[in-house]
Amino acid sequence: MRRDRGYILILSGLSIVAITVLAALVVDVGHWRNITNKAQRAADNAATAAVAELVEVELATGDRAAAETAARTLADELARENGFDPADPDVTVSTTFSKVASVDHATVVITENDVPLFFSQMLIDGKSLTKAAEAAMSSCQASCGQEVVVPPPFTETIDTGVGGDGWVPEISGDYIMSLYHHETGNQLVCSDRRISALCDPGGNPTFYPVEPYPGMMTNYAPP
């Protein structure tokens, strides 16, 4: 019995050490996951913005090199705004570009070395993380005049005989009302989706399109 004296004290001391280490790991793992998620979001945002900037600048200037420079600059800026400053010696932001079937792609890779740890630094050195994201323009960038598939119940397109753009069409029962505000006379078009043709009120197929707002400025929305 004398030789068992202090046994509980020793176990308690060892348990306290183990619990402290586990608590430290829990805190640092949570911190690590938070930084990892933050880096992924930063890479996603930077890649999406970079590919859009690439296409826009190249279309405007015809200069691919200038477009890539502008896109990289924007990617670096977004990475910085999301907490990963390329000027930091421990942070690297790499942006590369490629074309797949005539469609532009941008890939952003964010790496941070020596990610700060709290309690775990007593056991391990600082860790590093790398997150990447790739974004691409729509295939509409490659060609124009592509076929548009109209899902049910709009099984086919209706030739309204007018052009220009308009406000969002309004659906009223079996009828679709569209106002083309960039067309001479601001034409209102009614389409009957049951027969895939212009509306035929009162047996008058020439009723639509009509001009409901004569002289209305094209940047004014109707009431």
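This report walks through the fold of one protein chain, from its overall make-up to a few individual residues.

**Ground rules**

The model is a predicted one, in which local features need pLDDT of at least 70 and side-chain atom pairs count only at pLDDT 80 or more, while totals for chains, interfaces and linings use all residues. Residues are numbered from 1 along each chain as its sequence is written, and side-chain values use heavy atoms, with hydrogens and water left out.

**The chain as a whole**

Let us begin with the broad view. The protein chain holds two helices and seven strands, where helices (H or I, at least four residues) and strands (E, at least two) are DSSP runs numbered from the N terminus. Read from that end, the order of elements is α-α-β-β-β-β-β-β-β. Of the 223 residues, 25% are buried; buried means under 20% relative accessible area, exposed over 50%, and partly exposed in between, with a 1.4 Å probe and protein chains only. The chain exposes about 14,600 Å², and carbon and sulfur atoms supply 57% of that area. Accessible areas come from the Shrake-Rupley method with a 1.4 Å probe, and for residues only the protein chains shown count as cover. Among contacts (heavy atoms within 4.5 Å) with a separation of 6 or more, 50% link residues 24 or more positions apart.

**The three-stranded sheet and its helix**

Three strands form an open sheet in the order E1-E2-E3, with antiparallel pairing. Strands E1 (91-100) and E3 (127-136) each have a single partner strand and stand at the edges, so one side of each has no neighbour in the sheet. From one strand to the next, the twist averages 15°. Helix H2 (residues 64-81) packs on this sheet and touches E1 and E2, its direction making about 140° with that of E1. Such angles run from 0 to 180 degrees between N-to-C directions, with axes fitted as lines to C-alpha atoms, for helices over the stretch in contact.

Two strands count as paired if DSSP finds at least two bridges between them. The pairings below are described by their sense and bridges.

| Strand pair | Sense | Bridges |
|---|---|---|
| E1 and E2 (residues 103-115) | antiparallel | 10 bridges |
| E4 (residues 170-172) and E5 | antiparallel | three bridges |
| E5 and E6 (residues 187-192) | antiparallel | six bridges |

Between E1 and E2, Thr96 stands opposite Thr107 in E2. Just ahead of E1, Asp90 sits in the loop between H2 and E1. Asp90 is partly exposed, at 31% relative accessible area. Beyond four places in sequence, its contacts are Thr111, Glu112, Asn113 and Asp114. The C-alpha atoms of Asp90 and Ser128 are 9.1 Å apart, although 38 residues separate the two along the chain.

**The nonpolar core**

The largest nonpolar core has 27 residues, of which Ala50, Phe84, Val93, Phe97, Val108 and Ile110 touch the most other members. A core here is a set of buried Ala, Val, Leu, Ile, Met, Phe, Trp, Tyr and Cys residues joined through side-chain atoms within 4.5 Å. Helix H1 (7-61), H2, E1, E2 and E3 each supply at least two of its residues, and the largest share, 11 residues, comes from H1.

Phe97 shows how these parts meet: beyond four places in sequence, its contacts are Ala50, Leu54, Arg64, Glu68, Ala71, Arg72, His105 and Ala106. Leu54 lies in helix H1 and is buried, with 0% relative accessible area. Outside its neighbours up to four places away, Leu54 touches Arg64, Ala67, Glu68, Ala71, Phe97 and Asp104. Leu54 and Ala70 are 16 residues apart in sequence, with 7.0 Å between their C-alpha atoms.

**Strands E4 to E6 and the disulfide**

Further along, Glu170 has Met177 in E5 as its bridge partner. In the hairpin of E4 and E5, two residues lie between the strands, and Gly173 takes a positive phi near 65°. Ser178 belongs to E5 (residues 175-180) and counts as buried at 12% relative accessibility. Its bridge partner in E6 is Val189. Not counting residues up to four places away, Ser178 touches Pro169, Gln187, Leu188 and Val189.

The chain has one disulfide, defined as a pair of cysteine sulfur atoms within 2.5 Å. Cys190 is joined to Cys199, with 1.8 Å from S to S. The link is left-handed, with -60° about the S-S bond, and both cysteines are buried.
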